[in-house]
Amino acid sequence: MNKIFEVPLYAYTRSPDQDVPAPVRHKVIVIGAGPIGLAAAIDLAQQGIEVVVLDDNDKVSFGSRAICFAKRTLEIADRLGGGRPMVDKGVQWNVGKVFFDERQVYEFNLLPEEGHANPAFINLQQYYFEQFMVDRVRELQEQGAPIEIRGRNKVEAIGTHEDHVKLEVETPEGSYTVEADWLIACDGAGSPTRRMLGLDFVGRVFEDNFLIADVIMDADFPTERWFWFDPPFNKGQSALLHKQPDGVWRIDLQLGWDIDKEREKRPENVIPRLKAMLGEDVQFELEWVSIYTFQCRRMEKFRHNRVIFAGDSAHQVSPFGARGANSGMQDTDNLCWKLKLVIDGKASESLLDSYDVERVHGADENILNSTRSTDFITPKSQMSRILRDAVLDLSEHHEFARPLVNSGRLSVPCTYDGSPLNSADALDGPARTRPGSPCPDAPLGNEFLLPKLAGKFTLLTIDADAPDMIEEDGIEVTRLALSVKDDPTLELKRRYLGDAISAVYLIRPDQHVAARRDNYEDNAFRHAIRRASGKE
Amino acid sequence: MSDLILTPNIDDADDFYADLLAAHEGLEKADSDALNARLVLVLANHIGDRSVLTQAIRAATLADE
C-alpha cells in the first residue's frame with residue numbers, strides 16, 4: 001500500500017509562465033508547500049490576492065514530522081477553512097505520565113479549559129495536516145480563487161529589487177523566470193532562500209541528538225503522553241511515547257552527542273532500541289526514522305524588503321513543546337492581513353515592520369521556553385543534573401515539585417505586549433484579554449465567539465453601544481454586538497469583562513486585541529484603528 | 001515586595017544545625033548532594049515569593065550589593 005506521503009499531490013504540469021518571452025509578474029509567490037506556505041497562500045487567496053506556491057517536491061511531507069497541533073493553530077485553520085477535518089482525524093489526549101529510572105513518578109491530567117470550540121491540541125501527522133490544506137486549496141480553486149501550487153518548481157536564484165523579486169525556477173522541462181511583488185519564504189529550517197540571499201541564522205546548538213521513530217503497532221498503550229527520564233532501556237537519557245492516528249506511535253529516544261547519525265538510523269540499530277523500550281514480543285513496523293539535533297536559532301529580521309520569512313525558515317526551536325509548526329502558523333496569521341492592507345494601498349509598507357516586531361517577540365518566547373525544556377531534559381552540568389533529579393524524586397512524593405518538571409511546555413500563542421499596534425489598555429478587565437492578546441474563544445449558546453471575529457477588523461461590544469460600522473482612512477470595522485446574557489456559562493464575562501460591566505474591544509483580523517475600553521468613544525477608537533494599521 | 005530576612009531568625013539555631021548535619025550523616029557525597037538539592041527545592045516552595053527567592057539566590061552568591 002502506498003502511504004499518502006508517497007503519492008504526488010501536486011504533480012508538475014507546465015505553466016503558461018514557461019512559454020512567454022517576458023517574465024510574468026505575480027502579486028505574491030510563496031516558496032514551500034509545507035504547512036506554513038500552504039496556510040499563507042490560502043489566507044491570501046481567501047482575501048482575493050493572487051498567489052502562486054512553488055515547491056521543489058510534489059508530495060506532502062515525508063514522514064510524520066510535526067505531530068502536535070495546538071488550539072491556536074486549529075483556530076487559524078478554522079479561519080482558513082481546513083480545521084474541521086484535522087480535529088476529526090486527530091488524536092486527543094489529556095493524560096500524561098512521567099517516569100524516572102524504573103518507576104512512574106506521577107500522572108497528570110491537563111483538564112483543558114471548558115468553553116472552546118477546539119481542543120487544547122491534537123496529535124496528527126504533518127502529512128495529514130498538509131493534505132487537508134491542499135484539499136482546501138483545491139476547494140478554493142473550484143470557487144475561482146486566485147491560487148496555484150506548482151510542484152517540482154525549484155527556485156535556483158533570487159534577484160531582489162526595490163519593488164519586486166525575480167526568480168529563476170528549475171522544472172523537469174527546464175528553467176524559467178518569474179517575478180512577484182512579494183515573496184514569502186516558507187522553505188524550512190534549511191531555507192535555500194535564506195542561503196541564496198546570504199542572510200544570518202544565529203543561535204544555540206545543543207550537544208544532543210534524538211532519534212525519532214514512527215512505528216505502526218497494535219499495542220494496548222493508552223492514549224497518553226509518556227515521558228521517561230533516565231529509563232533502564234535508555235540509561236542516562238530520555239524517551240517519549242505519543243500516539244498518532246492510524247495506530248502510529250511517535251517515539252523519541254535521546255542518543256547523546258557522540259554518535260554516527262547514519263549508523264543509528266539503520267533499522268538493524270533502531271529495532272533493538274525499540275524492542276528494549278516496548279518489550280521483545282510487541283509487533284511493530286517502522287514507518288519513518290529520523291535523527292535531529294537540538295537547536296534554537298532565528299534570523300535577526302524576518303522581513304527583508306520584499307522578501308518575508310515565515311515558519312522554520314525564520315526561526316528554529318527544539319521540538320519538545322510543539323513550537324515549530326504552531327509558531328509558523330502564527331507567523332502567517334500575523335502577516336497576511338497586513339500584506340493585504342499594504343497591497344490594497346490601505347496601509348503603508350511600514351505596517352509590515354510590525355510583523356517583524358511581533359513575530360520576533362514570538363520567536364524569542366518560543367526559543368526561551370524550548371531552551372528551558374532542553375536544559376531540563378538534557379542537563380548541561382553535574383549540578384543541573386543533581387537539581388533535575390531532585391525535582392523528579394520530589395515529584396513522586398510531593399505535588400509542589402510537579403510544575404517544575406519540564407518535558408516540554410505546550411505551545412500557547414504569544415501576547416504581543418508592547419507592540420506598536422496596541423493602544424493603551426483602558427479597561428479594568430482580565431489580563432488575558434489585554435491589548436496584544438490573542439482572543440480566547442468563548443461559547444455563545446450553540447455557537448462560539450472566534451468564528452465571528454475571523455479575517456476582518458471587528459468592534460466587539462459587550463453590553464455597550466457603538467455604531468454598526470466605522471470607517472477610518474479606508475479601513476472598515478464592523479461591530480459584533482454581544483451581551484453577557486449570550487453566554488449562560490459566563491465564560492464570555494470572565495474572559496472579556498472581569499469586574500467591568502461593559503466593554504468595547506477593537507480586534508484585528510488575526511483575532512488579537514488592538515484596544516479596549518469600557519465604552520465606545522469615537523476619537524479613541526479611530527485613533528486605535530490608525531495605530532493598529534501602522535498609521536501612528 | 002517582601003524583604004529577605006538576613007538577620008538571625010531561627011529558634012534554637014544550634015539544634016537546627018545539628019539536625020541538618022544529622023540528615024547528612026553516613027551519606028555518600030552523591031546522596032548528600034541530592035539531599036541538599038531536594039532541601040533547597042522544598043524550602044524554596046515554602047517561601048514561594050519570587051522576589052524573596054531572587055534576593056536569596058543573590059545573597060547565597062556572596063556577591064556584594
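1. Chain B contains three helices and zero strands, and its elements follow the pattern α-α-α along the sequence. The radius of gyration of chain B is 14 Å, well over the 11 Å that the globule rule gives for 65 residues, so chain B is more spread out than a compact globule. Along the principal axes, its C-alpha atoms fill a box of roughly 40 × 25 × 25 Å. Of the 65 residues in chain B, 5% are buried. These values, like those below, refer to a predicted model.

2. The contact between the two chains involves nine residues of chain A and six residues of chain B. On the chain A side, seven of the touching residues are nonpolar and two are charged, with no polar residue.

3. Chain A holds an open sheet of eight strands in the order 5-4-12-13-14-11-15-18, and the pairing is mixed. Strand 5 (103-109) and strand 18 (315-316) of chain A each have a single partner strand, so at these edges one side of each is left without a neighbour in the sheet.

4. Within this sheet, strand 4 and strand 5 of chain A run antiparallel and are joined by six bridges. The two strands form a hairpin with two residues between them. In the turn, A:Asp101 has a positive phi of about 60°. A:Phe100 stands opposite A:Arg103, a residue of strand 5 of chain A.

5. Strand 13 (residues 238-244) and strand 14 (residues 248-256) of chain A are likewise antiparallel, with six bridges between them. A:Leu241 has A:Ile251 in strand 14 of chain A as its bridge partner.

6. Two helices of chain A deserve mention alongside the eight-stranded sheet. Helix 9 (residues 351-377) of chain A lies across strand 11 (202-217), strand 13, strand 15 (284-298) and strand 18 of chain A, and runs at about 115° to strand 15 of chain A. Helix 10 (residues 382-397) of chain A packs on the sheet through strand 4 (95-100), strand 5 and strand 12 (225-229) of chain A. The direction of helix 10 makes about 70° with that of strand 5 of chain A.

7. A further open sheet in chain A has five strands in the order 22-23-21-24-25, again with mixed pairing. Its edges are strand 22 (469-472) and strand 25 (513-517) of chain A; each has a single partner strand, so one side of each is left without a neighbour in the sheet. From one strand to the next, the twist averages 20°.

8. In the five-stranded sheet, strand 21 (residues 458-462) and strand 23 (residues 475-482) of chain A run parallel and share five bridges. A:Leu459 is paired with A:Arg479 of strand 23 of chain A as its bridge partner. Helix 12 (residues 522-532) of chain A packs on this sheet, touching strand 22, strand 23, strand 24 (503-507) and strand 25 of chain A. The direction of helix 12 makes about 165° with that of strand 25 of chain A.

9. The largest nonpolar core has 78 residues, and A:Val30, A:Ala40, A:Ala41, A:Val51, A:Phe69 and A:Ile184 have the most contacts inside it. Helix 1 (residues 35-46) of chain A supplies the largest share of this core, eight residues. Leaving aside neighbours within four places in sequence, the contacts of A:Val51 include A:Val30, A:Ala41, A:Leu44, A:Ala45 and A:Ile147. A second, separate core of 30 residues includes A:Ala239, A:Val248, A:Leu253 and A:Val289.

Definitions and conventions
Residues are numbered from 1 along each chain as its sequence is written. Chains are lettered from A and ligands numbered from 1 in the order in which they are written. This is a predicted model: local features need pLDDT of at least 70, side-chain atom pairs count only at pLDDT 80 or more; totals for chains, interfaces and linings use all residues. Two strands pair if DSSP finds at least two bridges between them. Helices (H or I, at least four residues) and strands (E, at least two) are DSSP runs, numbered from the N terminus. Two residues are in contact if their C-beta atoms, placed from the backbone, lie within 7 Å. Axes are lines fitted to C-alpha atoms, for helices over the stretch in contact, and angles run from 0 to 180 degrees between N-to-C directions. Ala, Val, Leu, Ile, Met, Phe, Trp, Tyr, Cys and Pro count as nonpolar, Asp, Glu, Lys and Arg as charged, and the others, Gly among them, as polar. The radius of gyration is taken over C-alpha atoms; the globule rule is 2.2 Å times the number of residues to the power 0.38. A residue is buried if 20 or more other C-beta atoms lie within 10 Å of its own, exposed if 12 or fewer, and partly exposed in between; C-beta atoms are placed from the backbone. A nonpolar core is a set of buried Ala, Val, Leu, Ile, Met, Phe, Trp, Tyr and Cys residues joined through C-beta atoms within 7 Å.
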